[in-house]
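Trainee: I'm new to this one and I'd like to know where the labels come from. Can we go through them together?

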Amino acid sequence: MLKVRSLGITGNIGRWIENWLNNRRQRVVINGQTSEWKPVLSGVPQGSVLGPLLFIIYINDLDVGLNNYVSKFADDTKIGKSVLTELDRLSLQQDLDKITKWSEEWDMPFNVNKCQLLHVGTRNNKFQYSINGQTLENTASVKDLGVTISQNLKFSQQCNEAANKANRMLGFINRNFTFKSKDIILPLYTSMVRPHLEYAVQFWDPYLIKDIQKLEKVQKRATKLIPNLRNKPYEERLKELNLFSLSKRRLRGKLIECFKMLKGYSNVEIDDLLTLAPELPTRSNGLKLRGHRVNLDSTKHSFTNDVVDK
């Protein structure tokens, strides 16, 4: 309530929130058997509308005073920095110490066993870091908002996971629908299978041929479920179903996202992602993009560079 009041939430609304949090009890019900009531001494009621808002208010000042990049989403927090020297390592460790102190002051201790360290790049010095004196465990990949990010910034693992999820759903459809007409399979595929292949794909769009083919193979399998299209070439099946290849859809998605960023429809800082080219004296809309010279394929094929070439 101290943090709620610090935002100016007082009066009847403040008292209502305080009454809503106080004197709560909970119990467990299994197969009609109930446990004894126990008081809820901390946290917010699960499944409520107000609960997530209060949690965000509670952790909102977690990154105050930190010197490095911080990303917060719900109860997931990441700290990152380009670490080249011992001073860089010390700066990152100091931020870890600061958030550890915050967690102790506000009775929200971190589970160090769930905290991981991801070293990115082949020239990384791979320094070690700790929380509460416990060394963080190194990991080869980490999942962030449903996207798996590996140390080499290639997305082969993400492609495998996306293709596996889509194939499992496709197998479920194949087993449970006997009559597989175009009118049945196409809506099922576009609503239940393809989203697995295209979730946040603007970020992890693959550039390795093996990964591109792995994703495309799922759509090829889906179009073959329709009996009267099974023996036709893949391109003809796409034409019959009015579909595009997944690689073309990914390109379309990236260009749409770039347009939204340039026109201000996305809540992002465009200067951090895209560089506008100087305007020429001839006709120009002022939105021409300039690419950057890069050495690594992972950077060359990233969203911010790839859309410039397209």
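Trainee: What makes the link between the side chains of Ser266 and Glu257 a polar contact?

Mentor: A polar contact is a pair of N or O atoms within 3.5 Å; within protein, one must be able to donate a hydrogen and the other to accept it, and residues adjacent in sequence count only if both atoms are side-chain atoms. The side chains of Ser266 and Glu257 are joined at 3.4 Å, so the pair passes the cut-off. Before we go on: this is a predicted model, where local features need pLDDT of at least 70 and side-chain atom pairs count only at pLDDT 80 or more, while totals for chains, interfaces and linings use all residues. Residues are numbered from 1 along each chain as its sequence is written, and side-chain values use heavy atoms, with hydrogens and water left out.

Trainee: Why is Ser266 called buried?

Mentor: Buried means under 20% relative accessible area, exposed over 50%, and partly exposed in between (1.4 Å probe, protein chains only). Ser266 has 15%, so the label is buried. Ser266 sits in the loop between helix 10 (246-262) and helix 11 (297-300). Helices (H or I, at least four residues) and strands (E, at least two) are DSSP runs, numbered from the N terminus.

Trainee: Which residues does Ser266 contact, leaving aside its neighbours within four places in sequence?

Mentor: Glu257, Lys260 and Met261. Contact here means heavy atoms within 4.5 Å.

Trainee: Arg250 is in helix 10. How do you know whether Arg250 is buried or exposed?

Mentor: Same test: the relative accessible area of Arg250 is 3%, so Arg250 is buried. Its side chain also makes a polar contact of 2.8 Å with the side chain of Asp205. Not counting residues up to four places away in sequence, Arg250 touches Val201, Asp205, Pro206, Ile212 and Leu215.

Trainee: And what about Val193, over in helix 6 (182-198): buried or exposed?

Mentor: Val193 has 0% relative accessibility, so Val193 counts as buried. Beyond its neighbours within four places in sequence, the contacts of Val193 are Ala166, Met169, Leu170, Ile173, Leu188 and Val218.

Trainee: Let's turn to helix 5. How do you know that its span agrees with what is expected?

Mentor: The expected span of a helix is 1.5 Å times one less than its number of residues. Helix 5 (residues 156-176) has 21 residues, so it should span 30 Å, and its end C-alpha atoms are indeed 30 Å apart. Among its buried residues are Cys159, Ala166, Leu170 and Ile173. The buried residues of helix 5 pack against strand 12 (147-150), helix 6, helix 7 (201-204) and helix 8 (209-223).

Trainee: What makes a space a cavity, and how many of 30 Å³ or more does the search find?

Mentor: On a 1 Å grid over the protein atoms alone, a cavity is a set of points where a 1.4 Å probe fits but cannot get out, and a pocket is an open set with protein on both sides within 12 Å along at least five of seven lines; lining residues have an atom within 4 Å of a point. The search finds one cavity of that size, with a volume of about 40 Å³. Ile185, Leu186, Tyr189, Ala222, Thr223, Ile226, Leu241 and Leu243 line it. Helix 6 gives the most to this lining, three residues.

Trainee: How many residues in the lining of the largest cavity are nonpolar, polar and charged?

Mentor: Ala, Val, Leu, Ile, Met, Phe, Trp, Tyr, Cys and Pro count as nonpolar, Asp, Glu, Lys and Arg as charged, and the others, Gly among them, as polar. The lining has seven nonpolar, one polar and no charged residues.

Trainee: And how many residues line the second largest pocket?

Mentor: There are 28, with Leu21, Ser42, Gly43, Val44 and Pro45 nearest its centre. By class, they divide into 15 nonpolar, eight polar and five charged. Helix 3 supplies the largest share of that lining, six residues.

Trainee: Last one: why does Asn132 count as exposed?

Mentor: Asn132 has 54% relative accessibility, so Asn132 counts as exposed. Asn132 lies in the loop between strand 8 and strand 9 (134-135), and has a positive phi of about 55° although it is not a glycine. Ala200, in the loop between helix 6 and helix 7, has 30%, so Ala200 counts as partly exposed.

Terms used:
Points joined across faces, edges and corners; volume = space filled by probe spheres on them.
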